[in-house]
Amino acid sequence: MAYKVLNKEEIAPSVHRMVIDAPDVAKAAKAGQFIILRIDEKGERIPLTIADFDKEKGTVTVIFQEMGKTTKQLAKFSAGEFLEDVVGPLGTPSDVRKLGTVILVGGGVGVAPAYPQAKAYSKAGNKVISIIGARNKDLLILEDEMKDASSELYIATDDGSKGHHGFVTDIMKQILDSGEEVARVVIIGPPIMMKVGAGVAAPYDVEILVSLNSIMVDGTGMCGGCRVTVDGKTRFTCVDGPEFDARKVDFVQLMNRLAMYRGEETKAVEKYDEECRCGLH
Amino acid sequence: MQELNGEKTVKAKKERTPMPEQPAEERRKNFNEVALGYTKEDALAEASRCLSCKEPKCVEGCPVNVDIPGFIKLVCEEDFAGAIEKIKGTNALPAICGRVCPQETQCEALCVLGKKGQPVAIGRLERFCADYERQQGVKVPEVPEPTGKKVAVVGSGPAGLTAAADLAKLGHKVTVFESLHKAGGVLSYGIPEFRLPKEIVRQEVEYIEKLGVEFKPNYIIGRIKTLDELCDEFDAVFMGTGAGLPNFMGIPGENFNGVYSANEFLTRVNLMKAYDPEYDTRVRLGRHVVVVGGGNVAMDSARSALRLGAEEVSIVYRRGEEEMPARREEIEHAKEEGITFRLLTNPVRILGDDKFNVTAVECIKMKLGEPDKSGRRSPVPVEGSEFTIPAEVVVIAIGTSPNPMIFKGSEGLDQNKKGTVVADEETGATSKCGVFAGGDVVTGAATVISAMGAGKKAAKAIDEYLKEQ
Ligand SMILES: Cc1cc2nc3c(=O)[nH]c(=O)nc-3n(C[C@H](O)[C@H](O)[C@H](O)COP(=O)(O)OP(=O)(O)OC[C@H]3O[C@@H](n4cnc5c(N)ncnc54)[C@H](O)[C@@H]3O)c2cc1C
Ligand SMILES: Cc1cc2nc3c(=O)[nH]c(=O)nc-3n(C[C@H](O)[C@H](O)[C@H](O)COP(=O)(O)OP(=O)(O)OC[C@H]3O[C@@H](n4cnc5c(N)ncnc54)[C@H](O)[C@@H]3O)c2cc1C
Ligand code: SF4
Ligand code: FES
């Protein structure tokens with residue numbers, strides 16, 4: 001079985017968008033879900049959020065950032081090449097309903113998973129206020145798409161090169177303070193950003209959801225590797241999540257578990273870069 | 001010495017013919033198969049011990065009733081092709097069963113020779129026949145005219161594979177849906193290479209494909225399609241989704257880095273080949289590895305950890321060796337390889353450092369009290385006997401339950417409190433019309449052969465059900 005890559009482009013430095021032919025997955029996909037892919041027989045299984053899907057064309061879109069060996073390898077793909085495996089849709093779909101006003105906060109590549117949610121919440125009749133951010137304006141992704149999918153869009157960059165100079169959570173706080181009645185805040189991004197964001201939103205009378213990115217193997221509840229502590233209980237991100245009530249998530253544990261293979265990963269990247277330079281691969 | 005060369009020996013040997021094995025010192029450093037298999041001479045010598053009993057007890061002990069004396073007789077006659085054909089009449093996966101079946105508690109336990117001495121090594125002979133056939137190249141049987149009926153099989157473990165093969169041989173069009181990228185279920189992701197080479201599983205799957213069965217990997221029922229949708233599209237459904245959900249102990253520190261479920265540890269090692277530097281998936285190594293549990297899963301985890309380079313691997317089990325559910329042979333192999341057994345010991349807490357990495361396991365000593373529901377004496381903690389074992393990796397192998405994914409968005413399928421599916425023992429019929437189930441999803445974690453037995457019975461019942469349609 002092989003899954004054809006139909007399109008691949010770099011949309012920001014080291015951030016790529018890839019459209020994959022996977023009709024079965026596309027047909028069943030809902031906002032908030034993800035896939036697991038494997039590049040080749042020797043590859044690892046890595047999870048990526050379904051950033052977009054087209055049920056008619058039978059395609060799913062992923063947006064990924066080069067992190068380690070597998071995502072670097074994936075960045076080298078071009079249209080017409082094949083992935084060994086794509087499995088999904090995985091995870092429990094987001095509970096999208098008409099709630100009133102929803103704030104969507106996306107940081108870095110976290111904007112990618114925020115995008116299908118923005119569309120879904122809008123479609124369900126909500127007022128969607130999106131706040132997207134990145135370190136600088138070059139790293140900002142999906143600005144136009146997010147604008148189209150939201151009622152209001154705010155931008156923040158760490159260096160002030162575009163929009164608000166500072167963090168997405170600053171804007172989120174301003175909106176919550178402004179007296180706007182907000183039913184739910186969804187924060188998606190690097191764990192540290194979700195932790196800080198959850199802390200900022202916690203004092204307000206609003207539902208706060210985060211989408212957790214724990215390390216996974218199967219994505220079907222079989223290995224238990226993706227476990228996180230939520231409300232003092234062990235939960236599996238791949239089947240019980242990836243979305244959880246932010247007030248109850250043990251972020252410190254999540255961040256520590258994400259660091260589990262850091263040593264081995266650095267070695268793998270060094271080896272991969274070395275092999276790439278030698279020109280044989 | 002024995003007369004070989006096909007002539008029937010006059011006097012049966014008392015002792016069973018030993019199985020050639022990789023020496024423990026060697027094998028603890030590699031993932032190659034431990035048991036090397038009988039040579040032709042070994043097989044003939046062992047087969048000659050069988051008494052060809054008129055009322056063979058061994059057959060009663062076999063969950064799929066392989067004609068044991070029948071195939072052994074053919075081995076004696078050096079008709080190995082005939083022998084394998086005889087086995088395959090009832091057992092579709094002999095190369096697998098010959099390696100992993102707990103023969104000592106099944107066929108061999110009832111063999112009359114076992115009353116006074118050692119029973120016939122039925123499993124080893126089965127393996128010999130299957131390996132002989134594989135070396136010769138497996139013949140694919142003729143498939144009958146298509147019946148026009150379509151059956152969906154969910155899960156490609158031994159239950160699903162057996163049901164698929166039997167249904168295909170009856171002329172039904174079978175599609176197997178598997179959530180992982182490789183078929184085989186536990187045979188592929190759980191049982192290690194050194195006990196069951198993955199090449200054998202692959203060949204078995206290939207054989208079933210040749211029968212016309214279509215495999216759809218990366219296809220999760222409950223996510224891509226619901227069970228209800230399958231019921232609409234197919235004339236019948238067989239659920240062989242196993243019991244893949246890992247149990248944890250619920251003790252403090254269980255989410256520290258380095259604590260694995262046996263499923264994750266073994267999946268990384270077997271399915272994802274973490275032991276091979278050519279593959280990208282990694283597994284955490286440690287100088288000290290503690291494995292909690294006493295079944296085959298625990299033995300496999302411990303022996304894998306040793307092969308990955310751990311200095312000391314201990315099995316921590318709360319009862320005694322007598323009560324261990326693992327196969328004797330595997331316990332012996334583990335001991336020979338140098339695994340430390342810490343019996344009557346139970347973990348109470350996992351200790352870690354400020355980076356959340358495991359450093360040790362705190363355990364308590366146990367003693368055996370009154371027999372519990374399972375008939376085994378229940379372990380009772382000895383107060384004040386706590387002590388710690390250093391560990392960088394801890395593997396929890398204390399059982400599994402069925403994966404609930406398939407139940408999502410499906411109506412009318414009765415389940416027990418433990419999450420297993422309620423199914424008729426003889427037919428596999430469930431409360432949902434047209435849906436049959438068998439294997440670990442019905443029984444909870446059991447054995448390869450019982451899962452196959454269930455797959456067989458269900459295939460027969462499904463065939464009858466389809467004829468009535
Ligand atoms: C549900 C889910 C959805 C995700 N969606 C996206 C997405 O849309 N776009 C995107 O760029 N990334 C996403 N990720 C993260 C992505 O899976 C990892 O970046 C990727 O696995 C890293 O692989 P690598 O081999 O390139 O890097 P590695 O060398 O393996 O790792 C680099 C770093 O990435 C983290 N990491 C490693 N493996 C995983 C893993 N399996 N899951 C999460 N983090 C990991 C670790 O912190 C590690 O230090 C998602 C993760 C999850 C769990
Ligand atoms: C490490 C280990 C060692 C063992 N050793 C032995 C041994 O030596 N001897 C012995 O007899 N038994 C042994 N067993 C037990 C034996 O392997 C199982 O009893 C047997 O595999 C059960 O078969 P099954 O077909 O019911 O399920 P499984 O083998 O569990 O297969 C189920 C399959 O269904 C798939 N699936 C699940 N849900 C879905 C879904 N919703 N959609 C699509 N696919 C799905 C799973 O991915 C899996 O591939 C061992 C088990 C383990 C874990
Ligand atoms: S019971 Fe033992 S001796 Fe008798 S037929 Fe079976 S294997 Fe042979
Ligand atoms: S990834 Fe294996 S249980 Fe979640």
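Buried area here is the accessible area (1.4 Å probe) that two parts lose on being put together, summed over both. With that in hand, let's look at how chains A and B meet in this predicted model.

The two chains bury about 3,800 Å² between them, and carbon and sulfur atoms give 50% of that. On the chain A side, Lys42(A), Met222(A) and Arg227(A) lose the most area to chain B, together accounting for 18% of what that side buries.

Here are the interface counts side by side:

| Item | Value |
|---|---|
| Chain A residues in contact with chain B | 48 residues |
| Chain B residues in contact with chain A | 41 residues |
| Salt bridges across the interface | 4 salt bridges |
| Polar contacts between the chains | 19 residue pairs |

Which parts of chain A do the touching? The elements giving two or more residues include the helices α1 (23–28), α2 (69–75) and α9 (262–277), along with the strands β15 (227–230) and β16 (233–236). β8(A) gives the most, with 6 residues. Sorted by class, that side of chain A has 18 nonpolar, 16 polar and 14 charged residues.

Lys42(A) turns up again in the salt bridges: its partner is Glu278(B), with the closest N and O atoms 3.6 Å apart.

Over on chain B, an unreviewed UniProt entry annotates residues 27–137 as "domain: Dihydroprymidine dehydrogenase". In the model, that span of chain B is 56% helix and 0% strand, and its end C-alpha atoms lie 28 Å apart.

Methods. Residues are numbered from 1 along each chain as its sequence is written. Chains are lettered from A and ligands numbered from 1 in the order in which they are written. This is a predicted model: local features need pLDDT of at least 70, side-chain atom pairs count only at pLDDT 80 or more; totals for chains, interfaces and linings use all residues. Side-chain values use heavy atoms; hydrogens and water are left out. UniProt positions are given in the numbering used here, feature names are shortened, and annotations may be inferred rather than shown by experiment. Helices (H or I, at least four residues) and strands (E, at least two) are DSSP runs, numbered from the N terminus. Contact means heavy atoms within 4.5 Å. A salt bridge is a side-chain nitrogen of Lys or Arg within 4 Å of a carboxyl oxygen of Asp or Glu. A polar contact is a pair of N or O atoms within 3.5 Å; within protein, one must be able to donate a hydrogen and the other to accept it, and residues adjacent in sequence count only if both atoms are side-chain atoms. Ala, Val, Leu, Ile, Met, Phe, Trp, Tyr, Cys and Pro count as nonpolar, Asp, Glu, Lys and Arg as charged, and the others, Gly among them, as polar.
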